[in-house]
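Trainee: I would like to go through this structure with you. May I ask my questions one at a time?
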Amino acid sequence: MHSIYSPRNLKQVFHPDHRLLPVTLAFCACFVELVCIIGLFHTFTAVITGSFVMLFVNMVDRPSYLPVNITVITAYLFMSFVWYALISWLKGRNAVSLRGLFTLEATLVAAFMLFAGLSEPLPGPAAIQTLVSVCLATSAMSLQAAIMTEVLSIHGPTTFMTGKTNRLVAGLFDGWFGGRETFKTHEQARKTAISTGATMAAFAAGGFVGSIAMKLLGFWALSVPFVILLTVALSQTGEHEGTTEARVSR
């Protein structure tokens, strides 16, 4: 177990139990989200709250943007159902493969990059090129959310930071100022605060790097999260397939 926390290679760095895995995924999530917001007419593809807010804002401010808002909400709900059904089916057969799931996410990001990149500049928020790009991006982000919820729940969300913020504040308070029954020790609370803070910092870094890369490269900037996600996928080993949630639940 010591090697998991002192990684010497990528298989250890991206081990399902290692704190660097959610940090890496959070970087990719915000990177993709920034590309979507800049390139897909201010569309949130990983945060359903933001999508609903933008829907009602555009009802008043920019009615021409409504097709893309409706598409992203519908696609997120539908694809989330698909991913939960898929993971549930795999669990029933003890065949959950993190390598397979992350490879699928990387493939969806690549498809988004290729389709949007070849269609750039996108004609408008109601254009078929835009709506297909939105569906591909939303499929990738909803898959990552499903993986973190259903397979890697020990790490919490990586596609939105509201819950992470609450976890960070609780960890900071309990680790340095007091204690609650939800934490066994102050040390555990401090570890939670540190790991949560690292994930949030990586999320912010993904947005910063994504905005610059999008400005310089357009949709081809998505090659960065694609390569990272593919590396994460290929770093998974059969040793841990289908067993992560069981360890998480203990």
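Trainee: In which loop is the place of H42?
Mentor: H42 is found in the loop between α3 and α4. Please keep in mind that this is a predicted model.
Trainee: What is the phi of H42?
Mentor: Its phi is positive, at about 60°, although H42 is not a glycine. Most residues other than glycine have a negative phi.
Trainee: Is H42 buried or exposed?
Mentor: Neither word fits, because H42 has a relative accessible area of 38% and is therefore partly exposed.
Trainee: What about N94, where does that one lie?
Mentor: N94 lies in the loop between α5 and α6. Its phi is also positive, near 50°, and N94 is a residue other than glycine. With 59% relative accessibility, N94 counts as exposed.
Trainee: Which peptide bond is cis?
Mentor: The bond from E120 to P121 is cis, with omega near 0°. P121 belongs to the loop between α6 and α7. Most peptide bonds are trans.
Trainee: Let us step back. How many helices and strands are there in the protein chain?
Mentor: The chain has 11 helices and 0 strands.
Trainee: And what share of the residues is buried?
Mentor: Of the 250 residues in the protein chain, 50% are buried. Among contacts between residues at least 6 apart in sequence, 70% join residues that are at least 24 apart.
Trainee: Could you show me one such residue with partners elsewhere in the sequence?
Mentor: F31 serves well, and its place is in helix α3, residues 20-39. Leaving aside neighbours within four places in sequence, its contacts include G206, G207, V209 and A213, as well as L222 and P225. F31 and F208 are 177 residues apart in sequence, yet their C-alpha atoms are 7.7 Å apart in space.
Trainee: Why does F31 count as buried?
Mentor: F31 counts as buried because its relative accessibility is 0%, and the cut-off for buried is under 20%.
Trainee: Where is its partner V209, and how exposed is V209?
Mentor: V209 is in helix α9. It is partly exposed, with a relative accessible area of 33%.
Trainee: Which residues form the nonpolar patch on the surface?
Mentor: V209 is one of them, together with L114, L118, F208, I212, L216, L217 and W220. Their accessible area together is about 810 Å².
Trainee: Which helix gives the most to that patch?
Mentor: Helix α9 does, with 5 residues. Both α6 (98-119) and α9 (186-217) supply at least two residues each.
Trainee: New topic: how many residues does helix α4 have?
Mentor: Helix α4, residues 48-60, has 13 residues. From its first C-alpha to its last, α4 reaches 19 Å, close to the expected 18 Å.
Trainee: Which residues of α4 are buried?
Mentor: They are G50, S51, M54, L55 and N58. These residues cover an arc of only 145° around the axis, so they lie on the same side of α4. What covers them includes α5 (66-92).
Trainee: Which residues are exposed on the other side of α4?
Mentor: T49, F56 and V60 are exposed there.
Trainee: Last one: is T159 buried or exposed?
Mentor: T159 is buried, because its relative accessible area is 3%. T159 lies in the loop between α7 (128-150) and α8 (162-176). Apart from neighbours within four places in sequence, T159 is in contact with residues including A29, V47, M141 and F203.

How values were computed: Residues are numbered from 1 along each chain as its sequence is written. This is a predicted model: local features need pLDDT of at least 70, side-chain atom pairs count only at pLDDT 80 or more; totals for chains, interfaces and linings use all residues. Side-chain values use heavy atoms; hydrogens and water are left out. Helices (H or I, at least four residues) and strands (E, at least two) are DSSP runs, numbered from the N terminus. Buried means under 20% relative accessible area, exposed over 50%, partly exposed in between (1.4 Å probe, protein chains only). Contact means heavy atoms within 4.5 Å. Patches are made of residues with over 30% relative accessible area and no salt bridge: like charges are joined within 9 Å, nonpolar side chains (Val, Leu, Ile, Met, Phe, Trp, Tyr) within 5 Å. Accessible areas come from the Shrake-Rupley method with a 1.4 Å probe; for residues, only the protein chains shown count as cover. A salt bridge is a side-chain nitrogen of Lys or Arg within 4 Å of a carboxyl oxygen of Asp or Glu. The expected span of a helix is 1.5 Å times one less than its number of residues. The arc is that of the directions from the helix axis to the C-beta atoms.
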